[in-house]
Amino acid sequence: ILISIVVCFSAILALALNFQWGLGGMVNFGLAGLYALGAYASALLILKGGANTFFATLGAMAIVAVVCGVVAFVTLRVTEEDYFAIVTLGVGEMLRLVALNEDWLTKGALGLAGIPRPLGDVIAPEYYQYFLLGLAVALLIGTLWILNAIARSPFGRIMRAVREDDIVAATLGKHVLWARVRIFAIGGAFIGLAGSLHAFYYQYIDPTQFTNIVIAYAFMAVIAGGRGAHQGAIWGAAAVMVLLEGSRFAK
């Protein structure tokens, strides 16, 4: 059950990357830092802001979406697309260093402990893991439905046009920069959702949980499932996480 919960929020992270890179053609090497931002944002909104888990999750999604949108707008407005991946890598590392060094906010290397779970004080402990699994599955299905709906919409066709040839898309009157900003921001919102679920699941977060290996796992999941295929990203994430987490018990 617990491995299935990990698969669910890992699959949401893979879906977000697949939306940005698989459909939009925007390589995101800052995934680990943005994932950490979502986890820390939801945790801090609860622990220091007094928000409940629902509004903390929405706040984390909004914060990561805004950061992604700003990064895409500032970078793509002044430089070529090829340098965008390098900038995202720098932004991700910057966010990790902030989490590590700003003790007054994140408690640095000590991390944040005691993060409450959704309805954790209402549901009996012996049944809570089943509730958390159901919640994670529901959020995964909702994420898949929303991203599939966007992919089938007119904006989804703009995404694929921009991915294949942005010059042709611009020639046809499409605002390429604005499209890319929206692509990266929408994907960022779901990165924030995955980060929030990570914080709720572990109830403790620290910078060592968000190293660049997270980027490798997410790209492995998307590539294994087929770039641009949302359902494939879920199966890819499931395969990667079951191999990683399930093999702990092999010996």
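**Exercise 1. In this predicted model, state which element holds Ala-39 and whether Ala-39 is buried or exposed.**

Step 1. Ala-39 is found in helix α2, a helix made of residues 31–47.

Step 2. The relative accessibility of Ala-39 is 0%. The cut-off for buried is under 20%.

Step 3. Ala-39 therefore counts as buried.

**Exercise 2. Find which residues Ala-39 contacts, leaving aside neighbours within four places in sequence.**

Step 1. Contact requires heavy atoms within 4.5 Å.

Step 2. With those neighbours left aside, Ala-39 touches Gly-195, Ser-196, Ala-199, Ile-205 and Phe-210.

Step 3. For a distance along the chain, take Ile-183, which is 144 residues from Ala-39. The C-alpha atoms of Ala-39 and Ile-183 are 21 Å apart.

**Exercise 3. Describe how α2 packs against helix α3.**

Step 1. Helix α3 covers residues 53–78. The axes of α2 and α3 lie 8 Å apart, at an angle of about 140°.

Step 2. The crossing of α2 with α3 is right-handed.

Step 3. On the α2 side, the contact is made by Leu-34, Leu-37, Gly-38, Ala-41, Ser-42, Leu-45 and Ile-46. On the α3 side, Thr-53, Ala-56, Gly-59, Ala-60, Ile-63, Val-64, Val-67 and Cys-68 take part.

Step 4. Sorted by type, the residues of this contact between α2 and α3 are 11 nonpolar, four polar and no charged.

**Exercise 4. Describe how α3 packs against helix α9.**

Step 1. Helix α9 spans residues 176–202. An angle of about 145° separates the directions of α3 and α9, and their axes are 7 Å apart.

Step 2. α3 and α9 form a right-handed crossing.

Step 3. The α3 residues in the contact include Thr-57, Met-61, Ala-65, Phe-73 and Arg-77. Among their counterparts in α9 are Arg-180, Phe-184, Gly-188, Ile-191 and Phe-200.

Step 4. The residues of the contact of α3 with α9 comprise 16 nonpolar, six polar and two charged.

**Exercise 5. Summarise the whole protein: its elements, its dimensions and its burial.**

Step 1. The protein has 11 helices and two strands. Their order from the N terminus is α-α-α-α-α-β-α-α-α-α-β-α-α.

Step 2. The C-alpha trace spans about 60 × 40 × 35 Å along the principal axes.

Step 3. A compact globule of 251 residues would have a radius of gyration near 18 Å, and the protein agrees because its value is 18 Å.

Step 4. Of the 251 residues, 49% count as buried. The protein exposes about 11900 Å², with 68% of that area supplied by carbon and sulfur atoms.

Step 5. Among contacts between residues at least 6 apart in sequence, 79% join residues at least 24 apart.

Technical notes
Residues are numbered from 1 along each chain as its sequence is written. This is a predicted model: local features need pLDDT of at least 70, side-chain atom pairs count only at pLDDT 80 or more; totals for chains, interfaces and linings use all residues. Side-chain values use heavy atoms; hydrogens and water are left out. Axes are lines fitted to C-alpha atoms, for helices over the stretch in contact, and angles run from 0 to 180 degrees between N-to-C directions. Helices (H or I, at least four residues) and strands (E, at least two) are DSSP runs, numbered from the N terminus. A crossing is left-handed if the near helix is turned anticlockwise from the far one by less than a right angle, and right-handed if clockwise. Ala, Val, Leu, Ile, Met, Phe, Trp, Tyr, Cys and Pro count as nonpolar, Asp, Glu, Lys and Arg as charged, and the others, Gly among them, as polar. The radius of gyration is taken over C-alpha atoms; the globule rule is 2.2 Å times the number of residues to the power 0.38. Buried means under 20% relative accessible area, exposed over 50%, partly exposed in between (1.4 Å probe, protein chains only). Accessible areas come from the Shrake-Rupley method with a 1.4 Å probe; for residues, only the protein chains shown count as cover.
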